[in-house]
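Hi everyone, thanks for coming. Please have the viewer open, and let's walk through this one together.

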Amino acid sequence: MTASSAASPSSAPQRRPRADAERNRTRVLNAAREVFRARGDEAQMPEVARAAGVGVGTVYRHFPSRAALIAAVGEQRQAEIVEFGRTACLPCAEAAEGLAAYIQHIGEALSAERGLSASIEAAFGSTEPTGEGRARAEGIAAQLLARGQEEGTVRADAEVADVVMIVCGLAAVIRNDAGDWRRYVRNACAGLRAPG
């Protein structure tokens, strides 16, 4: 009895900081996303700390550098895009429509968060996702292309590389405010469709 009563007080304090730390990390990440969205590359760590309601030391405890924080926010956005593709686009009755919805959603995310994209580009020289996030995003496109080709709604010679080029062009149109990005998406997706 003595051993179990001694064990429970020591185990409770160990669990609480982990939960608090995870809550603080999520709070910092969400606040950083809003700050970078609004202020772009001008946003600094103290602003993020104020927006999150934590000390700047807490921000650095979870994200040891500004670049690490920007990378984490970019990964969060990429994960949300992939989740949209998985839950809203893959189930579409027609794969070509699902693919168009996927590219349209990427445009909406990039357009709404130009400041975040500018921060990612300034920190890393490019806004292109890398690693696992990129592989998952391309995996969604690959599934939609393959199904569309089976259905006859997507051109037989379309490849994932074509979708990547479309998204890179889309990012440039949005970043440079070079015209109506929605029109660009419509025209690009029309090019992916099977003739007739």
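I'll talk about one helix and its packing partners, and then about a pocket. Keep in mind that this is a predicted model.

Let's start with a bit of background. Two packed helices are described by the angle between their axes and by the distance between those axes. We'll use both for helix α5, which covers residues 95-112.

Partner one is helix α9, residues 181-192. Which way does α9 run relative to α5? The two pack at an angle of about 155 degrees, with their axes 10 Å apart. Angles over 145 degrees count as roughly antiparallel, and α5 and α9 are therefore roughly antiparallel to each other. Their crossing is right-handed. On the α5 side, the contact includes Leu99, Ile103 and Gly107, while the α9 side includes Trp181, Arg182 and Val185. By class, this contact of α5 with α9 has seven nonpolar, three polar and two charged residues.

Now look at α8, residues 160-175. Here the angle with α5 is about 30 degrees, and the axes are again 10 Å apart. That angle makes α5 roughly parallel to α8. The crossing of α5 and α8 is right-handed. Find Leu99, Ile103 and Gly107 in α5 once more: they are among the residues that meet α8, where the partners include Val163, Ile166 and Leu170. How many charged residues does the contact of α5 with α8 have? It has no charged residues, with ten nonpolar and two polar.

Next comes α7, residues 131-151. α5 and α7 pack at about 150 degrees, with axes 8 Å apart, so α5 is roughly antiparallel to α7. This crossing is left-handed. Leu99 shows up here too, along with Ala95, Ala96, Gly98 and Tyr102. Across from them in α7 you'll find, among others, Ala137, Ile140 and Leu144. The contact of α5 with α7 divides into nine nonpolar, two polar and two charged residues.

Last stop: the largest pocket. About 850 Å³ of space lies in it, and 34 residues line it. Which residues lie nearest its centre? They are Gln78, Thr127, Glu128, Pro129 and Thr130. Our helix α5 is one of the elements that give two or more residues to this lining, and so are α7 and α8. Helix α4 gives the most, with ten residues. By class, the lining of the largest pocket has 19 nonpolar, seven polar and eight charged residues.

That's my tour. Thanks for listening!

Key:
Residues numbered from 1 in each chain as written. Predicted model: local features only at pLDDT ≥ 70, side-chain atom pairs only at ≥ 80, totals over all residues. Heavy atoms only, no water. Axes fitted to C-alpha atoms, helices over the stretch in contact; angles between N-to-C directions. Helix = DSSP H or I, 4+ residues; strand = E, 2+ residues; numbered from the N terminus. Parallel < 35°, antiparallel > 145°, perpendicular 65-115°, else oblique. Left-handed = near helix turned anticlockwise from the far one by under 90°. Contact = heavy atoms within 4.5 Å. Nonpolar A, V, L, I, M, F, W, Y, C, P; charged D, E, K, R; others polar. 1 Å grid on protein atoms, 1.4 Å probe; cavity = no way out; pocket = protein on both sides within 12 Å on 5 of 7 lines; lining within 4 Å. Points joined across faces, edges and corners; volume = space filled by probe spheres on them.
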